[in-house]
Amino acid sequence: MLFTDTHTHLYYEQDEEKQAQLMERCFESDVNRLFLPNVDVKSIAMIDELVAKYPANCFAMAGLHPCDVKDDYLALLDIIYSSIVDRKIYAIGEIGIDLYWDKSTLAIQQDAFRKQIGWAKKLGLPIVIHCREAFDEVFEVLESEKDVKLRGIFHCFTGNLAQARQAIDLNFYLGIGGVVTYKNAGLDAVLADIPLANLVLETDSPYLTPVPFRGKPNESSYLIYIAQKVADIYRVSIEEIADVTTENSRKIFGV
């Protein structure tokens, strides 16, 4: 089997020995492809270091996380965009809108979101969307930016069926992570009406740890627990989940 974690912050672990152990556990669990979302200026170097260590397994993104969109966001965007020139990246992300922590920054979050969508279109890359308590606001931007170049992943999708279908209609895949294993999340009911062809898998490690490790730090090797839950929902083998979702990731990222 070959699993792809389309969204992991594994690079947050900066202890070399612990980081190597995390990667080894990935390989033991057949998680051999890891896509690394950028969040701020500091994480650029952290991502590049991990990619340099595991060039066949780790793939970089570039972007400014909505929670890091503050008064200096334009300067930060300039730094992140300038870094792209000398690096191989596979998506612009993670970008989007987050109204859970701070609603007062909505206007600049929207502006940063639009600017980074523009990067993706210019570079022919997908975007990876962070959306927290902001589906209406995210969809408003996406609908206004809709064209043949707009595509990507709704990271950590936790919306309802109508929102899932709207995302798919906009040429986005749904990123399914640990939340699908939570008893009362309701995501299994949504997926019952969504084709497997529209999904990719992710962990968002070290966050959103799946059952049976909920409450502990997440890691990319735990993707197999997410995959097994998705296999149960679709009543197919875990091997089929690996094959379909990895192929979907190749369609998105081009690698």
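## Exercises on a predicted model

In helix H6 (residues 161-169), the buried residues are Gln163, Ala164 and Ala167. Keep in mind throughout that this model is predicted.

**Exercise 1. Work out how the buried residues of H6 are arranged around the helix axis, and which elements they pack against.**

Step 1. Start with the angle: Gln163, Ala164 and Ala167 cover an arc of only 105° around the axis, so they sit on the same side of H6.

Step 2. Now turn to the other side of H6, where Ala162 and Asp169 are exposed.

Step 3. Finally, look for the partners. The buried residues of H6 pack against helix H5 (135-145), strand E6 (152-154), strand E7 (172-176) and helix H7 (187-191).

**Exercise 2. Place Ile194 in the fold and decide whether Ile194 is buried or exposed.**

Step 1. Find the element: Ile194 belongs to the loop between H7 and strand E8 (199-201).

Step 2. Apply the cut-off. Buried means under 20% relative accessible area; Ile194 has 4%, so Ile194 is buried.

Step 3. List the neighbours. Leaving out residues up to four places away in sequence, Ile194 touches Leu161, Ala164, Arg165, Ile168, Leu174, Leu199 and Tyr234.

Step 4. Add a distance: between Ile194 and Ala242 there are 17 Å in space, C-alpha to C-alpha, and the two are 48 residues apart in sequence.

**Exercise 3. Describe the largest nonpolar core and follow the contacts of Phe154.**

Step 1. The largest nonpolar core has 72 residues, and those with the most contacts inside it are Phe113, Ile127, Leu142, Phe154 and Val230.

Step 2. Helix H8 (residues 223-234) gives the most to this core, namely seven residues.

Step 3. Beyond its neighbours within four places in sequence, Phe154 is in contact with a set of residues including Ile129, Cys131, Phe135, Leu142, Ala167 and Leu174.

Step 4. Apart from the largest core lies another core of 11 residues, among them Met61, Tyr90, Ala91 and Val128.

**Exercise 4. Compare the settings of the salt bridges Asp111 to Lys115 and Arg114 to Glu145.**

Step 1. In the Asp111 and Lys115 pair, the closest N and O atoms are 2.8 Å apart. Both residues lie in helix H4 (residues 106-123), four residues apart, about one turn of the helix.

Step 2. Check exposure: Asp111 is partly exposed at 23% relative accessible area, and Lys115 is partly exposed at 35%.

Step 3. The side chains of Arg114 and Glu145 meet at 3.3 Å, N to O. Arg114 is in helix H4 and Glu145 in helix H5, so this pair ties together parts that are 31 residues apart in sequence.

Step 4. Here Arg114 is partly exposed, with a relative accessible area of 32%, whereas Glu145 is buried, with 17%.

**Exercise 5. Examine helix H9 (residues 238-253) through Thr246 and the salt bridge of Arg250 with Glu247.**

Step 1. Thr246 lies in H9 and is buried, with a relative accessible area of 2%.

Step 2. Not counting residues up to four places away in sequence, Thr246 touches Leu2, Phe3, Thr4, Arg33 and Ile241.

Step 3. The closest N and O atoms of Arg250 and Glu247 are 3.9 Å apart. These two residues are three apart in H9, so about one helical turn separates them.

Step 4. Both partners are partly exposed: Arg250 has a relative accessible area of 35%, and Glu247 has 36%.

Conventions:
Residues are numbered from 1 along each chain as its sequence is written. This is a predicted model: local features need pLDDT of at least 70, side-chain atom pairs count only at pLDDT 80 or more; totals for chains, interfaces and linings use all residues. Side-chain values use heavy atoms; hydrogens and water are left out. A nonpolar core is a set of buried Ala, Val, Leu, Ile, Met, Phe, Trp, Tyr and Cys residues joined through side-chain atoms within 4.5 Å. Buried means under 20% relative accessible area, exposed over 50%, partly exposed in between (1.4 Å probe, protein chains only). Contact means heavy atoms within 4.5 Å. The arc is that of the directions from the helix axis to the C-beta atoms. A salt bridge is a side-chain nitrogen of Lys or Arg within 4 Å of a carboxyl oxygen of Asp or Glu.
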